[in-house]
Amino acid sequence: MKSILYYALIIIGLIFGNTAIAQQGDIIPTACATATYTLDPGTSIHFYDDGGPGGNCSSDGYANNYANGNCETITTICPAACESLNVEFLVLSMYGTSSGWDWMVIYEGVGTTGTILFDNRAGGPDNPRGTDCNFMNNNDVLDLTTLQDQCLTFRFYATSVVNKEGWDAIVTSSPVAGSGAVNVDVTNPTCSADGSAQITNYDNNATYTFTPAGPTIGSNGEINGAVFGQQYTVEEGGGGCATSFQIDEQLITPDAPTFDITDPDCFVDGSAEILNYDAGSTYTFTPTGPSVDASGLITGAAFGQNYAVEVDNGDCTASSNFQVEEQFLNPEPSFFGDTLMGCSPHTVTFTDTSTFLNASCLWDFGDGNTSTSCGTVTHTYTQSGTFDVTLTMEFANGCVGDTTLTSYIEVADGPIANFSANPMTTDFNNTEVDFTNESTNATNYIWDFGDFSAQSNDVNPVHEFPNGVANEYTVTLYAIGDFGCMDSTNLTIIINNPDIEISIPNIFTPNSDNENDFFQLINVQNISELDLVILNRWGNVVFESSDIDFKWNGSVLNNGAECSDGTYFYKITAKDLNGEEVLKHGFVQLSRGEK
C-alpha cells in the first residue's frame, strides 16, 4: 500500500501571498477562516484544531470537536527567514459522516495551488485507503526536498459539526545549513555583568559586515566593541540573511536601605526612617504590612517584627533589615474571679489576664489577706460580707499600676443548688434536654449550658445543644438566695455520634441510559471510613474501593472489560463516627438488558 502521511515532515519553500502574522504561541485556527502565520527564528509552536487538540476514531469521540460545518478552514504556516519547517504530527484523525467525507489537504507554499503533499479526499491522489480514520497508525513518512523559506498550507473541510476529526502537531522553524543566516546568541545584562553576544555558527574563514560599523568578532564568535544600547545588523559575506542584535549595559544596583532607628521609652513607641530614601524606587517589605512615605518614614510596622526592606530601581534590587519596638507602658492589671458570690467559707479563684512577663504582683483580697503570686491565685473567705479586690503589678523598670474591683466579692449564707437532666446521654440528631431544678433556699437561677449559648434564668429550662456535633457539655446551675448568696452545681450532658445509616441497592443497570448506571451506596450517613470488595461468582475481585462515594460502572476495576450480567457478592467494612466497625455483605444483580 502506498504511504500517504508522514510522522515527521521537513517542509521548506518561498513565502508569498497573504500578510504573515508573527507567531510565538499556539496556533488554534478559527473555523471557516483563512490565515497565515510566520514563526520566529528557532521557535516551536503547538498547532491543533479548535476542539482539541485532536480527535479519535472511536464512537465516543470528543463531542462538537470541530464546529466548521460545510466550510473550509485554511491555515498557512511559514518559517522564519533563512529557516525551514519541521512538522511532527502527534494526531491526525479524519472520519466519514452520514453526509459526506471530512478531509484535509496539505500543500507546499502559500495557498491551495502548490504541490499536494497529503490528500485524503475521496479519490484524492494520496488516499488509496479510502475510508481509514486514524492516519497515524502506520507511521507513514513522506520525504520532501529541503528548501529554504518554504511555507505549508493546511486545508481542512468538515461536512457538519464533527466529533472524531482533528489534528495535533508540533511545528518548528529551524535554521538551514548553508543559508547564510548568522545566528546571534544575545545574553541579557544582569545586575552584576554587562550583556554580551556571540555568533554561534561563526566561521573564521568568512567575512562579517556590521551595520553600523564598529563591532569586531573574537576567535570563538564573540562580538566585541559594540556600543551598549545600539541596534546592529550583521551579515555574512555582504549577503545572505541579516540578523539584528543589541547588547545592553550592566544594570545599576541601588544602595541598600540605611535606617535611623529610634528606641522606645515609657512615653512613645520606637520608629524607623530610611535615610537614603529614593522616591523613584519601589520599596517592598517582607513580611508585608509597613509602608514608607515621601520623607522615608516607615509606618505600619508590627512592633518586635524583623522586616526585610528591598529597594527596586526597576532593574536591580538591594535589601537590609530593621525592627521597631513598642513603647514601654505602665502596667494596667486585669483579672477576674470565677465565683463572685457565695456562702462562707467561700473559695474564689482569681485569674490574672494581664499577660505581663517579668512583673511582680501583690493581691489584696479585701479581708486583710494578701498574696504575692502572679497568674492564678486561690483565696478562701471565712467571713461574710462584701470585699474589694486589688491587684498591683510592678515592672523591672519601676513602672507600677493597679486595678481595684470594688465590692467584687460577696459572702453570705445561701441556697443549695441541685438539678437533674433528661436525657443525660443522647445523640447529635436529638439534642433537646429537659432540666429539672431541685435547688432549695433559692429565688433566682442562672443556667450555663457549657456550649457558648446564652445563659438562662428559667426555673426548669429546656435547652437544645448544637446539632450534628458529638461532644460533652458541662451544665452549671447557679442558685441565688434572698441575700444574693450563690451556690452552684453541675452535670455533664453527653452528645454521642449516631449509628450508621446505609442503604445498599440489590440491582443496577450500567447501560449508559443515565438511570441506575452505577452500583453505589444510598442514604449514607455517619460513616467515617469504608472498604468495599466486589467478587464475581468465581471469587475474583472485579471492583474494590475505600471511597465512601464509590461508583462501580460494571467494568473490571472501572477501567477494564465489562462484567457480564449476573449476581455479584459484595463485602463492606465501615467505621462509624466513633471508630467502631460495622460489617455489611450481600449480593447485587448486574443487568444491562438489551443494548
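**Exercise 1. Find the volume and the lining of the second largest pocket.**

Step 1. In this predicted model, the second largest pocket has a volume of about 160 Å³.
Step 2. Turn to its lining, which is made of 10 residues. Closest to the centre are Pro510, Asn511, Ser512, Asn553 and Glu562.
Step 3. Sort the lining by class. Two residues are nonpolar, four are polar and four are charged.

**Exercise 2. Describe the largest pocket in the same way.**

Step 1. The space in the largest pocket is about 190 Å³.
Step 2. Its lining counts 14 residues, and Pro41, Glu83, Val182, Asn183 and Thr243 are the closest to its centre.
Step 3. Ask which element gives the largest share of this lining. That is strand E19 (residues 239-246), with three residues.
Step 4. Sort by class again. The lining holds 10 nonpolar, three polar and one charged residues.

**Exercise 3. Work out the strand order, the edges and one pairing of the five-strand sheet.**

Step 1. Read the order: E43-E48-E47-E45-E46. The sheet is open, and its pairing is mixed.
Step 2. Look for strands that pair on one side only. These edge strands are E43 (507-508) and E46 (541-545).
Step 3. Move inside the sheet. Strand E45 (residues 527-535) pairs with strand E47 (residues 566-576). The sense is antiparallel, and eight bridges join the two.
Step 4. Pick one bridge. Ile527 has Asp576 in E47 as its partner.
Step 5. Recall the general rule: the strands of a sheet pair through backbone hydrogen bonds, in a parallel or an antiparallel way.

**Exercise 4. Do the same for the three-strand sheet, and add the angle between its strands.**

Step 1. This open sheet runs E35-E37-E39, with antiparallel pairing.
Step 2. Its edges are strand E35 (419-422) and strand E39 (462-464), each paired on one side only.
Step 3. Take the angle. On average, neighbouring strands are turned by 25° against each other, direction ignored.
Step 4. Follow one pair. E35 meets strand E37 (residues 432-437) in the antiparallel sense, over four bridges.
Step 5. Name two residues that face each other. Ser420 stands opposite Thr436 in E37.

**Exercise 5. Locate two cis peptide bonds and a positive phi.**

Step 1. Go to Thr211 and Pro212. The peptide bond between them is cis, with omega about -5°. Pro212 sits in the loop between strand E15 (208-211) and strand E16 (216-217).
Step 2. Go on to Thr286 and Pro287. A cis bond joins them too, with omega near 0°. Here the loop runs between strand E22 (282-286) and strand E23 (291-292), and Pro287 is in it.
Step 3. Now check phi at Phe452. The value is near 65°, which is positive in a residue other than glycine. Phe452 belongs to the loop between strand E38 (444-448) and E39.

**Exercise 6. Decide where the model calls for caution.**

Step 1. Start with the whole protein. Mean pLDDT is 82, and 84% of the residues reach 70 or more.
Step 2. Find stretches under 50. Residues 1-22 are one of them. The model gives this stretch 93 contacts beyond four places in sequence.
Step 3. Residues 137-145 also stay under 50. For them the model has 21 contacts beyond four places in sequence.
Step 4. Apply the rule. Predicted coordinates should not be read in detail where pLDDT is low.

Notes: Residues are numbered from 1 along each chain as its sequence is written. This is a predicted model: local features need pLDDT of at least 70, side-chain atom pairs count only at pLDDT 80 or more; totals for chains, interfaces and linings use all residues. Side-chain values use heavy atoms; hydrogens and water are left out. Two strands pair if DSSP finds at least two bridges between them. pLDDT is the predictor's confidence in each residue, from 0 to 100. Contact means heavy atoms within 4.5 Å. On a 1 Å grid over the protein atoms alone, a cavity is a set of points where a 1.4 Å probe fits but cannot get out, and a pocket is an open set with protein on both sides within 12 Å along at least five of seven lines; lining residues have an atom within 4 Å of a point. Grid points are joined across faces, edges and corners, and a volume is the space filled by probe spheres set on the points. Ala, Val, Leu, Ile, Met, Phe, Trp, Tyr, Cys and Pro count as nonpolar, Asp, Glu, Lys and Arg as charged, and the others, Gly among them, as polar. Axes are lines fitted to C-alpha atoms, for helices over the stretch in contact, and angles run from 0 to 180 degrees between N-to-C directions.
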